[in-house]
Amino acid sequence: MDDKQKKLLERITLKPGLLGGKPTIRGMRFPVGDILEMLANGMAADQILEQHPLLEREDIHAALILT
């Protein structure tokens with residue numbers, strides 16, 4: 001894993017009391033799994049960002065690194 005990927009993974013947080021300890025984006029109540037599900041269902045990154053303005057493109061990249 002290179003430094004860029006490590007930096008992206010810093011966007012993923014695990015907090016035991018937040019969403020049952022599931023990985024989330026930047027400590028928000030936005031599970032990484034939701035991003036992966038949207039992508040798996042054919043949504044483009046631009047569509048995800050448009051529908052969820054709190055997310056950033058780097059959040060999507062970070063979620064993909066986990067797979």
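**Exercise 1.** Locate Leu19 relative to the strands, and state the sign of its phi and how far it is exposed.

*Solution.* Leu19 sits in the loop that runs between strand E1 (12–13) and strand E2 (24–25), where strands (E, at least two residues) and helices (H or I, at least four) are DSSP runs numbered from the N terminus. The phi of Leu19 is near 50°, a positive value in a residue other than glycine. Most residues other than glycine have a negative phi. With a relative accessible area of 29%, Leu19 is partly exposed, a class lying between buried (under 20%) and exposed (over 50%), with a 1.4 Å probe and protein chains only.

The model is predicted, so that local features need pLDDT of at least 70 and side-chain atom pairs count only at pLDDT 80 or more, while totals for chains, interfaces and linings use all residues. Residues are numbered from 1 along each chain as its sequence is written, and side-chain values use heavy atoms, with hydrogens and water left out.

**Exercise 2.** Determine which polar contact joins Arg26 to Asp59, and whether Asp59 is buried or exposed.

*Solution.* Begin with Arg26, which is placed in the loop between E2 and helix H2 (32–40) and has a positive phi of about 45° although it is not a glycine. Arg26 is partly exposed, at 33% relative accessibility. Asp59, by comparison, belongs to helix H4 and counts as buried at 0% relative accessibility. The side chains of Asp59 and Arg26 make a polar contact at 2.7 Å, that is, a pair of N or O atoms within 3.5 Å, one able to donate a hydrogen and the other to accept it, where residues adjacent in sequence count only if both atoms are side-chain atoms. A polar atom of the Asp59 side chain also lies 2.8 Å from the backbone nitrogen of Glu56.

**Exercise 3.** Describe how the buried residues of H2 are arranged and what covers them.

*Solution.* First, Val32, Ile35 and Met38 are the buried residues to consider in H2. They lie on the same side of H2 because they cover an arc of only 125° around the axis, the arc being taken over the directions from the helix axis to the C-beta atoms. The face turned away from this buried side carries the exposed residues Glu37 and Ala40. Next, the cover over the buried residues includes E1, E2, H3 and H4. Finally, leaving aside neighbours within four places in sequence, Ile35 has contacts (heavy atoms within 4.5 Å) with residues including Ile25, Leu55 and Asp59.
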